[in-house]
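Dear colleague,

I am handing over the structure below for your attention. A summary of what was found in it follows.

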Amino acid sequence: MSKVLTVYYSRKGENYFGGTIRSIEKGNTERAAEFIQKAVGGDLFEIDTVREYAKDYHKCTEEAAAEKKSNARPALKKLPESIDEYDVIFLGFPNWWGTAPMPVFTFLDAFDFTGRTIAPFCTNEGSGLGSSERDIKKECPGAEVVSGLSIRGSDAAKSETKAAAWAKQVLK
């Protein structure tokens, strides 16, 4: 049986929901990550940056765009000591400018994923996974990156069945 780690980056506060900005107490990707971890077990780890992004949604998107353009690697508050015990890593994030946010790449750069399976899942409002699967494969050349799961952010709170079914399929 595979040892599983579910890792996610999520944004609380102001988020985009099909044309409007709403404030949420729990990020959409966090919800999806919890559903996956509940379905397949294993450990849960939240990627958290040292420097917080702007609380204002539009300012945050500007910061994210600048980070993507410069290929930044924002500092993280903590990392797991090791990922050696894990065979499968479910990797969750919101789609920021067509791919995973730069803090996710900071996490990926910290470890060798050779021989591990990475299963990306992404929340978005219609842009899907963008280039994230390809970008993760490029960042983690020794890993098997399986087809990811796209969850509409505004549907994240009611995505448990979809997320659980996908996660269980990944482990087959």
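**Salt bridges**

Asp84 and Arg116 form a salt bridge, in which the closest N and O atoms are 3.7 Å apart. This pair links distant parts of the chain, 32 residues apart: Asp84 belongs to the loop between α2 and β5, and Arg116 to the loop between α3 and β6. Asp84 counts as exposed because its relative accessible area is 61%, over the 50% cut-off. Arg116 has a relative accessibility of 11%, under the 20% cut-off, and therefore counts as buried. Please note that the model is predicted, and that this applies to everything reported here.

The structure holds 15 salt bridges. In general terms, side chains of opposite charge can pair when their charged atoms come close. Among the other pairs is that of Glu34 and Lys26, whose side chains meet with an N to O distance of 2.8 Å. Glu34 is partly exposed, at 27% relative accessibility, and Lys26 is also partly exposed, at 26%. Another salt bridge is formed by Lys158 with Asp155, with 3.8 Å between the closest N and O atoms. Here Lys158 is exposed, with a relative accessibility of 66%, whereas Asp155 is partly exposed at 31%. In addition, a network of salt bridges links Lys3, Asp43 and Glu85.

**Tyr86 and its surroundings**

Asp43, a member of that network, also has a polar contact with Tyr86: their side chains are joined at 2.4 Å. Tyr86 is located in the loop between α2 and β5. Is Tyr86 buried or exposed? Tyr86 is buried, because its relative accessibility is 7%, and the cut-off for a buried residue is under 20%. Leaving out residues up to four places away in sequence, Tyr86 touches Lys3, Val4, Leu5, Asp43 and Arg116. Arg116 is the partner of Asp84 in the salt bridge described above. Tyr86 and Ala167 are 81 residues apart along the chain, and their C-alpha atoms are separated by 15 Å.

**Nonpolar cores**

In soluble globular proteins, nonpolar side chains tend to be buried together. In this model the largest nonpolar core has 30 residues, and those with the most contacts inside it are Leu91, Phe107, Leu108 and Phe113. The elements giving two or more residues to this core are β1 (4-8), α2 (57-70), β5 (88-94), α3 (102-109) and β6 (117-124). Of these, α3 gives the most, with five residues.

Which residues does Leu108 contact, once its neighbours within four places in sequence are left aside? Leu108 is in contact with Leu91, Phe113, Ile136, Glu139 and Cys140. Apart from the largest core lies another, which has 19 residues, including Ala33, Val40, Phe90 and Ala167.

**A buried threonine**

Thr49 is situated in the loop between β4 (43-46) and α2. Its relative accessibility is 4%, so Thr49 counts as buried. At 2.8 Å, the side chain of Thr49 reaches the backbone oxygen of Arg51. Not counting residues up to four places away in sequence, the residues that Thr49 touches are Tyr9, Pro74, Ala75, Leu76, Lys77 and Pro103.

**Pocket and cavity**

Rolling a probe the size of a water molecule over the atoms shows where empty space is left. The largest pocket has a volume of about 420 Å³. Its lining consists of 20 residues, of which Tyr16, Tyr57, Pro94, Asn95 and Trp96 lie nearest the centre of the pocket. At least two lining residues are supplied by each of β2 (13-17), α1 (28-40), α2 and β6. The largest share, four residues, comes from α2.

How many cavities of 30 Å³ or more does the structure hold? There is one cavity of that size, and about 40 Å³ of space lies in the largest cavity. The residues lining the largest cavity are Ala64, Glu67, Lys68, Trp96, Trp97, Ala100, Pro101 and Met102. For the largest cavity, too, α2 provides the largest share of the lining, with three residues. Trp96 appears both in the lining of the largest cavity and among the residues nearest the centre of the largest pocket.

With kind regards

Terms used:
Residues numbered from 1 in each chain as written. Predicted model: local features only at pLDDT ≥ 70, side-chain atom pairs only at ≥ 80, totals over all residues. Heavy atoms only, no water. Core = buried A, V, L, I, M, F, W, Y, C linked by side-chain atoms within 4.5 Å. Buried < 20%, exposed > 50% of the residue type's maximum accessible area, 1.4 Å probe, protein only. Contact = heavy atoms within 4.5 Å. Polar contact = N/O pair within 3.5 Å; in protein donor to acceptor, adjacent residues only side chain to side chain. Salt bridge = Lys/Arg side-chain N within 4 Å of Asp/Glu carboxyl O. 1 Å grid on protein atoms, 1.4 Å probe; cavity = no way out; pocket = protein on both sides within 12 Å on 5 of 7 lines; lining within 4 Å. Points joined across faces, edges and corners; volume = space filled by probe spheres on them.
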